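I opened the structure today to look up a helix pair, the nonpolar cores and a few backbone outliers. My entries follow.

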Amino acid sequence: MANPSKVALLIIGQELLNGTVTDVNIAHTARKFYEKGVTLAQVEIVPDDIDEIAEAVDYLSHKYDYVITSGGIGPTHDDVTVEGVAKAVDQGVIKHKVLVEVLQKHYHVQELTDAQSRMALAPEKAELLIPTVPSDTFFLPLVYVNNIYLLPGVPKFFAHYLEQIMPIFTGIPLFHTEICVKGIETKLASALNKAVKACPQVRFGSYPSFEPGQPNSYMVRITFEAPDRASLQEAKEFFLHELPDTLEVFNK
């Protein structure tokens, strides 16, 4: 069985770094990848700067199987993702003939405006994923070059195009279970550390919570993820065996 694809997500936009816009594409990608068993290996956020985009793309595209960029491919002056990606792969920027034709048809014009023309830009050796069912909303082909896929940043559009490229990624879905332990993390840390060491094929998570003002409300959710049910059950039983008897456990 092939290993899960390791994918990096590069979020582009100064508005995300100054807090004027809250990103939702990271969470959406993480959920979709988790469902399929694809590894979201790294997330990076950079401003609308050609050099910074190029530096990030160059690093991520060599380290991981695929890179998805989010944002910076629209019609305005700060949409410079194409230029940044092209610089990273040492290519020029062109007005892609197919993109020009699609935009002319969509806007019902013979000549594109400068703003419209920016959406026809692509690295000179880029390829296109043509929509199988184009619509007035999702009419533009998706641009990719090498292992880098350029997606729009608007969440509605990002989600649509991410769905189109999901078949590209190899995934191994994990089995999942969890229990809740009443108490603080320091009281169960030893048992958890022993379980992590004894069950290297299992991924553990520890997530504390409490109700403000309620000193006895401390609860820790322990999660277990594994590629098969047998490993999952073994890890869970091992952890419970090592857990102090004084701690109350829910959802066994």
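I took contact to mean heavy atoms within 4.5 Å. The model is predicted.

**Helix pair.** I looked up which residues of H3 and H4 meet. On the H3 side I noted Ile50, Asp51, Ile53, Ala54, Val57 and Asp58, and on the H4 side Thr81, Glu83, Gly84, Val85, Lys87 and Ala88. Sorted by class, this contact of H3 with H4 has 6 nonpolar, 2 polar and 4 charged residues.

I then looked up the geometry, since two packed helices are described by the angle between their axes and the distance between the axes. H3 spans residues 50–63 and H4 spans residues 81–88; the angle is about 50° and the axes are 7 Å apart. Angles under 35 degrees count as roughly parallel and 65 to 115 as roughly perpendicular, so H3 and H4 are entered as oblique to each other. I recorded the crossing of H3 and H4 as right-handed.

**Glu55.** This residue sits in helix H3. I asked whether Glu55 is buried or exposed. Its relative accessibility is 59%, so Glu55 counts as exposed. I also looked up its C-alpha separation from Ala88, which is 6.6 Å, with the two residues 33 apart along the chain.

**Nonpolar cores.** The largest nonpolar core has 51 residues. I looked up which members touch the most others and found Phe33, Ile68, Ile148, Leu151, Leu162, Ile165 and Phe169. The element that gives the most to this core is strand E1 (residues 6–12), with 6 residues. I followed up Leu162: leaving out residues up to four places away in sequence, Leu162 touches His28, Thr29, Lys32, Phe33, Ile68 and Leu151. There is also a second, separate core of 19 residues, and among them I noted Val181, Leu188, Cys199 and Val202.

**Positive phi.** Most residues other than glycine have a negative phi, so I looked up exceptions.

Which loop holds Asp90? Asp90 is in the loop between H4 and strand E4 (93–95). Its phi is positive, about 60°, although Asp90 is not a glycine. With 70% relative accessibility, Asp90 counts as exposed.

Asn146 has a positive phi as well, near 55°, and is a residue other than glycine. I placed Asn146 in the loop between strand E7 (142–145) and strand E8 (148–151). The relative accessible area of Asn146 is 55%, and the cut-off for exposed is over 50%, so I entered Asn146 as exposed.

Technical notes: Residues numbered from 1 in each chain as written. Predicted model: local features only at pLDDT ≥ 70, side-chain atom pairs only at ≥ 80, totals over all residues. Heavy atoms only, no water. Axes fitted to C-alpha atoms, helices over the stretch in contact; angles between N-to-C directions. Helix = DSSP H or I, 4+ residues; strand = E, 2+ residues; numbered from the N terminus. Parallel < 35°, antiparallel > 145°, perpendicular 65-115°, else oblique. Left-handed = near helix turned anticlockwise from the far one by under 90°. Nonpolar A, V, L, I, M, F, W, Y, C, P; charged D, E, K, R; others polar. Core = buried A, V, L, I, M, F, W, Y, C linked by side-chain atoms within 4.5 Å. Buried < 20%, exposed > 50% of the residue type's maximum accessible area, 1.4 Å probe, protein only.
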